[in-house]
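The following exercises concern the structure shown below. Each states a task and then works through the solution step by step.

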Amino acid sequence: MLSKYAWRAVRSKVCWYAVTTVEIGGRRKTIKMNRLIANTQSGLQCHHKNGNSLDNRRINLENLYRLEHDMLHIMYRHAKMNHGLDKTG
Ligand SMILES: [Zn+2]
């Protein structure tokens, strides 16, 4: 399922993400691999549990509400983990 896409790594504000570009109805759309794997619905954030944003194993991904996700990252920051507060991961 993943192999039909051409994945590339892009840098967000704080970490790297594997993304691909697809065309849906003539419009180009960038999709994050983690959101595809975790089947993240719009309005939810796809979080990497171990803090490695390129570790897109299903077991490492968790769909969270925005507020929950932000809280988690604030806690992480306090714990000095390597996965900063950001909008997307
Ligand atoms: Zn996160």
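**Exercise 1.** Determine which residues Ala-38 touches, not counting residues up to four places away in sequence.

*Solution.* Step 1: apply the contact criterion, under which two residues are in contact if their C-beta atoms, placed from the backbone, lie within 7 Å. Step 2: with residues up to four places away in sequence left out, Ala-38 touches Cys-46, Arg-58, Leu-61 and Asn-63. Step 3: take one of these partners, Arg-58, which is 20 residues from Ala-38 along the chain, while their C-alpha atoms are separated by 6.2 Å. Step 4: place Ala-38 in the fold; the residue is found in the loop between H1 and E4. Here helices (H or I, at least four residues) and strands (E, at least two) are DSSP runs, numbered from the N terminus.

The model is predicted: local features need pLDDT of at least 70, side-chain atom pairs count only at pLDDT 80 or more, and totals for chains, interfaces and linings use all residues. Residues are numbered from 1 along each chain as its sequence is written.

**Exercise 2.** Classify the exposure of Ala-38, Asn-39 and Gly-43 in the loop between H1 and E4.

*Solution.* Step 1: state the classes. A residue is buried if 20 or more other C-beta atoms lie within 10 Å of its own, exposed if 12 or fewer, and partly exposed in between, with C-beta atoms placed from the backbone. Step 2: Ala-38 is partly exposed because 19 other C-beta atoms lie within 10 Å. Step 3: Asn-39 counts as exposed because it has 11 C-beta neighbours inside 10 Å. Asn-39 also has a positive phi of about 55°, although it is not a glycine. Step 4: Gly-43 is exposed, since 8 other C-beta atoms lie within 10 Å. Gly-43 and Asn-63 are 20 residues apart in sequence and 9.9 Å apart in space, C-alpha to C-alpha.

**Exercise 3.** Describe strand E4 (residues 44-48) and its pairing with E5.

*Solution.* Step 1: strand E4 is mostly covered, as 4 of its 5 residues are buried. Step 2: two strands pair if DSSP finds at least two bridges between them; E4 and E5 are joined by 5 bridges and run antiparallel. Step 3: one position fixes the register, with His-48 having Leu-61 in E5 as its bridge partner.

**Exercise 4.** Establish the order and the pairing of the sheet that contains E1, E2 and E3.

*Solution.* Step 1: recall that strands of a sheet pair through backbone hydrogen bonds, either parallel or antiparallel. Step 2: this sheet is open, has 3 strands in the order E1-E2-E3, and its pairing is antiparallel. Its edge strands are E1 (8-11) and E3 (27-32), each of which pairs on one side only. Neighbouring strands of the sheet are turned by 45° against each other on average, direction ignored, where axes are lines fitted to C-alpha atoms and, by the general convention, angles run from 0 to 180 degrees between N-to-C directions. Step 3: E1 and E2 are joined by 4 bridges, and a hairpin of 4 residues connects them. Ala-9 stands opposite Ala-18 in E2. Step 4: strand E2 (residues 16-24) pairs with E3 over 6 bridges, and Thr-21 stands opposite Thr-30 in E3.

**Exercise 5.** Compile the surroundings of Ala-9 in strand E1 and of Val-22 in strand E2.

*Solution.* Step 1: Ala-9 is exposed because it has 11 other C-beta atoms within 10 Å. Beyond four places in sequence, Ala-9 touches Trp-16, Tyr-17, Ala-18 and Leu-54. Step 2: Val-22 is partly exposed, with 13 other C-beta atoms within 10 Å. Leaving aside neighbours within four places in sequence, Val-22 is in contact with Lys-29 and Ile-31. The C-alpha atoms of Val-22 and Tyr-5, 17 residues apart along the chain, are separated by 8.2 Å.

**Exercise 6.** Summarise the protein chain and the confidence of its prediction.

*Solution.* Step 1: the protein chain has 2 helices and 5 strands, in the sequence pattern β-β-β-α-β-β-α. Step 2: of its 89 residues, 19% count as buried. Step 3: pLDDT is the predictor's confidence in each residue, from 0 to 100; it averages 85 over the chain, and 85% of the residues score at least 70. Step 4: among the elements, helix H2 (residues 66-78) has the lowest mean pLDDT (86), and strand E5 (residues 61-65) the highest (96).
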